[in-house]
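Here is a short report on one protein chain. The overall fold comes before the charged side chains.

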Amino acid sequence: MVADALTYALHHEATAYLASLRSKDRSPNTERVYAGRLALYLNYCAARPMEWATPGFLGLSGLQQWLINEPLPLRSRRTGGARPRNRSKGTANAVMTVVSDFLRFGAAHGWVSPSTVALLSEPKTLFCLPPGYDPGEDGRLRTVDTASFRFAFTDPGYQDLSPEQIARMLALAGSARDRFLIALLACTGLRIGEALGLHRSDLHLLASSRALGCGTEGPHLHVRHRTDNPNRALAKSRSPRIVPVTADLTSLYTDYQYERHTAGADGGDMVFVNLFRPPVGRPMSYPNTKGMFDRLAREADHPFRPHMLRHSAATTWLRSGVDRDVVQRLLGHLSPLSMERYRHVCDTETRQAVERVATLRDLR
């Protein structure tokens with residue numbers, strides 16, 4: 001929900017928008033991030049003052065510039081003379097996307113005028129079509145609506161981790177639970193919501209699971225879309241899938257189970273639970289997991305986020321020659337176009353490509 005910081009009165013329109021996300025089965029993490037971006041917009045409007053439902057072109061353009069020019073608050077009071085941080089243009093674009101979606105939602109309910117919505121997009125002709133894009137008969141679909149308030153910048157792309165970096169994170173992890181979670185994400189490519197939503201009954205780690213009524217051979221796990229998990233963890237894809245696991249991962253899970261038993265957290269069917277702070281045995285939440293990854297990132301002095309492990313798994317499979325259709329199925333993507341972002345080219349591959357051309361020239 002979104003509430004006034006002084007009176008604690010609910011902002012009914014923003015709260016209704018968040019409820020609409022919930023009705024679409026968006027993940028709780030997405031809802032939380034969107035709530036923060038909405039609050040940022042509403043605070044900007046209140047400080048001007050500017051009516052949130054009628055910001056006008058100058059108001060939205062001013063917000064766009066303010067997002068990258070306004071320094072972010074310091075993360076800690078003990079930072080002393082730390083240099084001020086600013087939002088990136090990518091972050092500003094993400095905020096503007098939520099604001100635009102919120103205003104369109106408001107227009108559908110009569111809170112925002114159609115003239116305001118008309119400011120949010122403009123026609124653009126696509127000269128370079130994205131992979132798989134169908135321009136229609138005679139190229140008539142080359143004209144699309146694009147966001148009016150969006151910075152043009154070079155996207156650095158998604159980051160992945162090298163095997164050495166993953167091994168370093170496993171060594172830094174302070175518990176068997178954390179090591180199992182990191183290894184699980186790195187070996188299976190699961191999303192963090194899928195991992196936190198796993199139940200014990202989803203893990204079939206024996207050579208044969210026929211006694212459990214499952215005909216899939218070998219150790220594996222089941223990813224299922226559930227909306228009733230107590231930690232609100234949600235699998236993004238509604239289609240269930242089966243992901244094989246390795247013997248090493250099974251061994252790490254055994255270590256975690258011993259640690260869980262020692263902590264007195266045997267109860268409950270959720271796989272990942274609190275072990276070191278009360279309430280012990282409660283399913284791990286997104287904020288707790290993010291805190292663990294942030295702590296490891298500070299110790300290792302390089303970025304470390306759960307989704308980077310998903311990219312690392314996909315990149316490793318693709319570099320090893322695994323068929324793209326197989327990787328798509330392992331990751332749970334419905335569209336093959338979603339695979340484009342997972343192919344990371346490294347310096348070693350570019351070096352090998354250049355040296356191969358030089359070798360062919362020498363053979364002439």
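The text below covers the chain as a whole, then its salt bridges.

**Overall picture**

This is a predicted model. The chain holds 13 helices and five strands. Its C-alpha trace spans about 70 × 60 × 50 Å along the principal axes. Of its 364 residues, 38% count as buried. The accessible surface comes to about 21,200 Å². Carbon and sulfur atoms contribute 54% of that surface.

Contacts can be sorted by distance in sequence. Among contacts with a separation of 6 or more, 58% are between residues 24 or more positions apart.

**Charge**

The chain carries 47 positive and 35 negative side chains. The centres of the two sets lie 4 Å apart. The salt bridges number 11. Three of them are listed here, with the distance between the closest N and O atoms.

| Positive residue | Negative residue | Closest N and O atoms |
|---|---|---|
| Arginine 22 | Glutamate 31 | 2.5 Å |
| Arginine 232 | Glutamate 31 | 3.2 Å |
| Arginine 226 | Aspartate 202 | 2.9 Å |

**A network around glutamate 31**

Which residues are linked with Glu31 in a network of salt bridges? They are Arg22 and Arg232. Glutamate 31 forms a salt bridge with arginine 22, and another with arginine 232. The pair of glutamate 31 and arginine 232 links distant parts of the chain, 201 residues apart. Glutamate 31 sits in helix H2 (residues 28-47). Arginine 232 sits in the loop between strand E4 (220-223) and strand E5 (241-244).

Are these side chains buried or exposed? Glutamate 31 has a relative accessible area of 8%, so it is buried; the cut-off is under 20%. Arginine 22 is at 42% relative accessibility and therefore counts as partly exposed. Arginine 232, at 43%, also counts as partly exposed. The network thus includes a buried glutamate and two partly exposed arginines.

**The pair of arginine 226 and aspartate 202**

Arginine 226 forms a salt bridge with aspartate 202. Arginine 226 lies in the loop between E4 and E5. Aspartate 202 lies in the loop between helix H8 (192-196) and strand E3 (203-204), so the pair ties together parts that are 24 residues apart in sequence. Both arginine 226 and aspartate 202 are buried.

The loop between E4 and E5 thus holds arginine 232 and arginine 226. Arginine 232 pairs with glutamate 31, and arginine 226 with aspartate 202.

Terms used: Residues numbered from 1 in each chain as written. Predicted model: local features only at pLDDT ≥ 70, side-chain atom pairs only at ≥ 80, totals over all residues. Heavy atoms only, no water. Helix = DSSP H or I, 4+ residues; strand = E, 2+ residues; numbered from the N terminus. Buried < 20%, exposed > 50% of the residue type's maximum accessible area, 1.4 Å probe, protein only. Contact = heavy atoms within 4.5 Å. Areas by Shrake-Rupley, 256 points an atom, 1.4 Å probe, with all protein chains shown as cover. Lys, Arg positive; Asp, Glu negative; His and termini not counted. Charge placed at Lys NZ, Arg CZ, Asp CG, Glu CD. Salt bridge = Lys/Arg side-chain N within 4 Å of Asp/Glu carboxyl O.
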